[in-house]
Amino acid sequence: GIAVLSVFNIPYTINGLILYNCEFPISLLILVFWLGSWLMKKVVLSLNDQMKLNNHTYNIKLIDRDEKIECIGFYDSGNTIDRDGNAVSIISMNTFLKLYKDYPVEKLLFRNIAYGQLKDPRYIQIKAISSSSSYLSFVIDKMIINDQEINNAVIAVAMQNFNNFDCILNSSILGGK
């Protein structure tokens, strides 16, 4: 530490450094440098995570009957869920409610299917790392990912919202990327 102070011609005493005619403990300088480096590390890691997320997100359109919504899809290489051999993508609760404004929410919450509003609705089991849950799945007219159109796409509804995207895309939809 003393060598650094000497190189930069910073006056110091045994107890600390002298800046603008005030004496500051060296531990305060060490604390400031430590906090600065910790903050810089957090910023760099956050930017790195955001860049990774941006490399796996796509603008998508979900179209069913007369409703059309635009949202953000996240490509998940681990999502290999299928229903009768068809790839299943998972949408958030908010995305479902935007697409089906008149769908009775209590039916969704109590896991009753409102027949007539959804095409081929049924519950499917989706296994996560430590658990398995039942998700409402159904068919929509079309899903458009960038310029790729998928007719009769199978969608499942998560009973939650996602942070940075609206839909978890099935890995086979984009060719296993």
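**Strands and salt bridges: worked exercises**

Strand S6 and strand S10 (residues 167-169) pair in the antiparallel sense over two bridges, where pairing takes at least two DSSP bridges between two strands. The strands are DSSP runs (E, at least two residues), numbered from the N terminus, as helices are (H or I, at least four). The model is a predicted one: local features need pLDDT of at least 70, side-chain atom pairs count only at pLDDT 80 or more, and totals for chains, interfaces and linings use all residues. Residues are numbered from 1 along each chain as its sequence is written, and side-chain values use heavy atoms, with hydrogens and water left out.

**Exercise 1.** Work out which strands S6 pairs with, and in which sense.

*Solution.*
- Start with S10: the pairing is antiparallel, and Ile91 stands opposite Cys167 there.
- Next take S5, which is joined to S6 (residues 86-91) by two bridges and runs antiparallel to S6. Here Arg83 faces Asn86 in S6.
- Look at the turn too: the S5-S6 hairpin has two residues between its strands, and Asp84 takes a positive phi near 55°.
- Finish with S9 (residues 148-157), which runs parallel to S6 over four bridges. Ser89 sits opposite Ile155 in S9.

**Exercise 2.** Trace the salt-bridge network that includes Arg83.

*Solution.*
- Set the rule: a salt bridge needs a side-chain nitrogen of Lys or Arg within 4 Å of a carboxyl oxygen of Asp or Glu. That gives a count of seven.
- Take Arg83 and Asp120, whose side chains meet at 2.8 Å, N to O. Arg83 belongs to S5 (residues 82-83) and Asp120 to S7 (residues 119-127), so this pair links distant parts of the chain, 37 residues apart.
- Check accessibility, calling a residue buried under 20% relative accessible area, exposed over 50% and partly exposed in between (1.4 Å probe, protein chains only). Arg83 is buried at 4%, whereas Asp120 is partly exposed at 40%.
- Add Arg122, which bridges to Asp120 with the closest N and O atoms 3.1 Å apart. Arg122 is partly exposed, at 28%.
- Put it together: shared partners join Arg83, Asp84, Asp120 and Arg122 into one network.

**Exercise 3.** Which parts of the chain does the bridge between Lys119 and Asp141 tie together?

*Solution.*
- Find the contact: the two side chains, Lys119 and Asp141, form a salt bridge at 2.1 Å, N to O.
- Place the ends: Lys119 lies in S7 and Asp141 in S8 (residues 132-145), so the bridge ties together parts 22 residues apart in sequence.
- Check exposure: Lys119 is partly exposed at 24%, and Asp141 is partly exposed at 29%.
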